[in-house]
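Please open the model in a viewer and keep the sequence panel visible. The tour below proceeds by selections, each followed by a short account of what is found there.

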Amino acid sequence: MAAVHLRIGDLVWGKLGRYPPWPGKIVSPPKDLKKPRGKKCHFVKFFGTEDHAWIKVEQLKPYHAHKDEMIKINKGKRFQQAVDAVEDYLKKAKGKEQNSDGKAESKGKKASNKPLKILDEDDEDLSALKDPSEKDLTDSDPEPSAIERLGAGPGSGFKWESSPVKDDPHFHHFLLSQSEKPASSMEPISKRLKIIEEVTGSTSIQAADSTAINGSITPTDKRIGFLGLGLMGSGIVSNLLKMGHVVTVWNRTAEKCDLFIQEGARLGRTPAEVASMCDITFSCVSDPKAARDLVLGPSGVLQGIRPGKCYVEMSTVDPETITELSQVITSRGGRFLEAPVSGSQQLSNDGMLVILAAGDRTVYEDCSSCFQAMGKTSFFLGEAGNASKMMLILNMVQGSFMATIAEGLTLAQATGQSQQTFLDILCQGQMASTFVDQKCQNILQGNFKPDYYLKHIQKDLRLAISMGDMANHPTPMAAAANEVYKRAKALDQSDNDISAVYRAYIH
């Protein structure tokens, strides 16, 4: 098949990694923005957004030639708005062309048909190719919104070269937002439900290939309540609101609700009031005691539970607490689901948490749009208590691993080795990960701003060890790590990040 030559001003379908195709126009990049080296690509401005992307040439298709096909397989509302914006742009361009021809004829002059320059795929500075007569889309685009507010259906049936976003070295070039919050362009991909049955009988709702945030998620019409606006809860609520959910919030420190009220949330005066006002109430608090108090305490959730009301416990607690809460909620005719989350404050903000759910399967299904808004994947693990067990095991492994990494860094220093070199070597080997790199860099920079509280990982280690005792299963590694975290807490590191366990080794 002959290669299609594209140039500045051409309308195209651009595909970003795993994302479905989206209509755009090839434009010149800013003068100070260089083309990614080693890649043949064009700079594309997307319709319906203020976002741009470097798109590899093999991921670009001419707009008109594939318009009918794209419209058939993409049904999202935002997608249709983007296509409408293209058509409006074409109408305006045609009108300007007719006006220009009329003026030229009236002046007895021949209209200029100077062709646009064809992009040289190997040119390092694409801005040099901009035609002086080309005008950007600013005046003809619809009201701008960040690309995370777009919507599109699946791109199946259209053959594109595709690779996972995480493997694309130019992922950070994808969305160069012009909005007030450029970082929002890195916010999560929206997810359509993809139920995967496993041999174990558990299921997972995973992110299918889809467009950017808000793409194909239709927010539930159920009223959502959320209790607890800490490191994790704040990001979760923010993403629920961005996706269009109706959310009522409550927090023990009421001032934390103010920002979310400004973003459109409603305010609940007590946990009981939130539960009575809402169809589904989520909670995310620090530990088992806080979780129990929220339900069983004065003006607690239990007082607002009525038949059919749903309660979702997202806190990381022990299975016994989950069993107790499940029993009291269902005794009032309520429906119960546990859904602790694996991740950090940053992943919560980005809507990329991993959600482990167990309990009432119908509640899990009712929460699908909420889980898609807050996470990249969710798993249903069966009866209540299974999710808390799995979460404690995961956090036990993470906490023990972090303690071991800190031990390695301090031993390197004690033996006269470069800690930075240790990290460089580590990040080139089989244990390389974003987690290792970020935590170690923070340690070397003395940055212990909490992304996940040290006191919480120590709590999880303690609960995991207790769970091991009840199962008569040894947990010696977790027990050793727990002692290190306890020492770190004694050194006033409780409210720092889990990486502050490092300080237990240097005092």
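Begin by selecting strand 1 (residues 11-14) and strand 2 (residues 22-26), which pair in the antiparallel sense over four bridges. Strands here, like helices, are DSSP runs numbered from the N terminus, with at least two residues (E) for a strand and at least four (H or I) for a helix; two strands pair if DSSP finds at least two bridges between them. Within this pair, Gly 14 stands opposite Trp 22 in strand 2.

A word on the source: this is a predicted model, in which local features need pLDDT of at least 70 and side-chain atom pairs count only at pLDDT 80 or more, while totals for chains, interfaces and linings use all residues. Residues are numbered from 1 along each chain as its sequence is written, and side-chain values use heavy atoms, with hydrogens and water left out.

Next, widen the selection to the whole sheet. It is an open sheet of five strands in the order 4-3-2-1-5, with antiparallel pairing. Its edge strands are strand 4 (52-56) and strand 5 (60-62), each of which pairs on one side only. On average, neighbouring strands of this sheet are turned by 45 degrees against each other, direction ignored. Add helix 1 (residues 63-73), which packs on the sheet and touches strand 1, strand 2 and strand 5; contact means heavy atoms within 4.5 Å. The direction of helix 1 makes about 50 degrees with that of strand 1. Axes are lines fitted to C-alpha atoms, for helices over the stretch in contact, and angles run from 0 to 180 degrees between N-to-C directions.

Now move to helix 3 (residues 231-242). Its end C-alpha atoms are 18 Å apart, which agrees with the 16 Å that its 12 residues should span at 1.5 Å a residue; the expected span is 1.5 Å times one less than the number of residues. Of the 12 residues of helix 3, 10 are buried, among them Leu 231, Met 232 and Ile 236. Buried means under 20% relative accessible area, exposed over 50%, and partly exposed in between (1.4 Å probe, protein chains only). Gly 244 follows helix 3 and has a positive phi, near 95 degrees.

Finally, select two residues other than glycine with positive phi. Ser 299, with phi near 55 degrees, lies in the loop between helix 6 (288-296) and strand 12 (310-313). Is Asp 492 buried or exposed? Asp 492, found in the segment after helix 15 (476-490), has phi near 65 degrees and is exposed, with a relative accessible area of 69%.
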